[in-house]
Every structure is written in C-alpha cells, then in structure tokens.
Amino acid sequence: MKKQTGTFSKKLDEYIHTKQFRWLRFLILLLGFIVTGCICFLAGFFLNRDDNMIYKSNINAITNQIQNTEPPVTTAPETTTITTTTELTTVTTAKPTVNGVLLNSRLKENLPDATAEYAYSNACNFENRNSIGDVNIPLTKKSFTISYDGVITATLDSSLITLSVDNDAKTVTVIIPEAYIISHEIDESSFIISGKNDNIFNPISNSDYTDICLSNNSKMEEKAISNGLYEQVYENAESEISDFLYEDELIAESYSINFIISRI
C-alpha cells in the first residue's frame with residue numbers, strides 16, 4: 001500500500017513539472033479572470049441602468065409637472081414686509097390681474113347690437129299755389145292738413161368700441177363711438193287728411209302727401225335726439241357690454257366699468 005502511494009506521488013510530481021500541466025493551469029487562471037470580469041461588467045451594467053432609469057424617471061416627472069402648470073394671465077407683485085427684532089423678512093405674492101389686450105380681443109368677437117327706436121306721431125299743414133316767378137297765380141291754391149306716424153332708428157358702429165384696463169385702479173374704461181340715425185320710416189297707411197282744399201287748376205296729388213312728410217323729417221329727427229334717442233342707444237350698448245364683462249369673475253368682484261362717449 002505504501003509502495004502504491006509513493007508511486008502515485010512520484011507520478012503527480014512528475015506531471016506537475018510537465019509542460020501540459022503548466023498550460024492547463026494557465027487556461028484555468030485565464031478562464032477564472034474571464035468569468036470574474038464578465039460578472040463585474042454585468043453587475044456594473046445593471047446597476048448603472050437602474051440609476052439611469054431612476055434619473056430619467058425623475059427628469060420626466062419634473063418636465064410633466066412644468067408642462068401641466070398653466071401660467072397666470074398677468075400678475076402684479078404685491079409685497080408684504082414683516083419686521084422682527086432679529087431680521088427683516090419680505091414676502092412677495094402674485095395678485096391676479098386682467099389682461100387688457102385679451103379682453104379687448106374677446107369684446108371684438110362679442111360686439112353688441114346697440115340700436116334704439118323712436119316712434120312718433122306728427123301733423124302738419126300743406127299749402128301750395130301755382131306761380132310764375134315770384135308771382136302767385138290766383139285761383140290755384142290747394143291745401144290740406146295731414147297727420148301720420150313714423151319710426152326713427154338709431155345705432156352706433158360697434159366695431160369702433162375699444163376698452164383699456166387699469167389694474168392698479170381696478171377699472172375698465174370702454175370708449176363708445178357716437179350714435180347716428182340709420183333709418184326714418186313713415187307709415188303711409190297712417191295718413192289722416194283733413195281740411196282738404198283741392199283745386200281744378202292745381203289738384204292735390206299723392207306726392208304732395210309724402211313730400212310734406214319728408215320735409216318734416218329733419219325736424220322730427222332733431223326732436224327724437226332731443227328726447228333721448230341717442231342716450232337710449234348708449235344705454236343699450238353699455239348694458240350689453242357690462243353683461244359681457246361681468247361674466248369674468250375677477251372683473252365682477254374687483255373692477256368698476258367706466259363708459260366714455262367719443263363725440264366727433
């Protein structure tokens with residue numbers, strides 16, 4: 001038994017010193033280094049990947065939060081100063097304001113239909129003679145009295161309405177153009193003729209009725225204006241504009257509206 005063990009040890013020592021064993025040992029060491037390097041590479045790759053994913057996730061979250069935050073319309077700084085025995089602290093807060101440019105643009109898209117009517121009744125006398133130059137011809141006189149109804153309509157050019165906003169004074173100023181008459185209608189079915197004096201040499205015609213009415217148009221329009229026709233147009237425009245502006249909660253709560261009539 002001892003002889004066999006000694007023989008195996010001798011053969012093992014001889015094998016260790018052979019070239020074949022040295023190559024086998026080199027391959028084992030090389031394989032060990034390769035396996036160790038691969039393990040280190042894979043460990044570093046997955047650790048860096050997790051860190052990158054966490055970093056990208058944080059960046060994406062911050063970006064989404066910025067994109068989803070709506071900026072205020074317009075803000076003006078309001079500063080409050082708090083004084084203590086040891087330090088001076090200044091706190092600045094944003095106060096909501098009205099964007100005048102945007103508000104003016106929205107008003108242009110919702111222009112008021114500001115009109116007003118003045119209904120009236122009028123009576124006037126008509127008299128006419130044939131003449132040669134400045135000399136009236138005898139026995140050619142015709143005359144009558146006519147009463148009738150009419151309607152005068154006035155409006156303003158809504159496209160010329162403008163506004164401005166003073167956020168410090170909390171006022172909205174609206175400039176309204178001057179009103180004007182757009183129509184004057186006479187109801188011919190309302191004609192009542194009295195005191196009619198016809199003449200065979202100068203007979204009364206239908207045009208005499210309309211002509212005497214038309215000749216009174218200017219007088220009736222002046223009367224309508226003096227009785228507040230234009231003021232009614234302005235009131236209608238101001239009412240519609242106010243209703244539109246007060247749809248904005250901030251204006252309704254904190255701002256006053258001033259109207260100015262632009263008279264040319």
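Me: Two strands are said to pair if DSSP finds at least two bridges between them, so what makes β6 and β9 a pair?

Reply: Eleven bridges join β6 to β9, and because at least two are required, the condition for pairing is met. The two strands run antiparallel, and Ile152 stands opposite His184 in β9. Please keep in mind that this is a predicted model, in which local features need pLDDT of at least 70 and side-chain atom pairs count only at pLDDT 80 or more, while totals for chains, interfaces and linings use all residues. Residues are numbered from 1 along each chain as its sequence is written, and side-chain values use heavy atoms, with hydrogens and water left out.

Me: What makes a stretch such as β6 a strand, and where does Ser143 belong?

Reply: A strand is a DSSP run of E with at least two residues, a helix is a run of H or I with at least four, and both are numbered from the N terminus. Strand β6 covers residues 142-155, and Ser143 is found in it.

Me: Is Ser143 called buried or exposed, and how do you know?

Reply: Buried means under 20% relative accessible area, exposed means over 50%, and partly exposed lies in between, judged with a 1.4 Å probe on protein chains only. Ser143 has 14% relative accessibility, so it counts as buried. Leaving aside neighbours within four places in sequence, Ser143 is in contact (heavy atoms within 4.5 Å) with residues including Phe126, Gly195 and Ile204.

Me: Why are β7 and β10 said to stand at the edges of their sheet?

Reply: Three strands form an open sheet in the order β7-β8-β10, with mixed pairing. Both β7 (162-166) and β10 (256-262) have a single partner strand, so one side of each is left without a neighbour in the sheet. Strands of a sheet pair through backbone hydrogen bonds, either parallel or antiparallel. Here β7 and β8 (residues 171-177) pair in the antiparallel sense over five bridges, and the bridge partner of Thr162 in β8 is Ile175.

Me: How do you know in which direction helix α3 runs against β7?

Reply: Axes are lines fitted to C-alpha atoms, for helices over the stretch in contact, and angles between N-to-C directions run from 0 to 180 degrees. On that scale, the direction of α3 (residues 100-108), which packs on the sheet and touches β7 and β8, makes about 155 degrees with that of β7. Helix α6 (residues 229-245) lies across β7, β8 and β10, running at about 145 degrees to β8.
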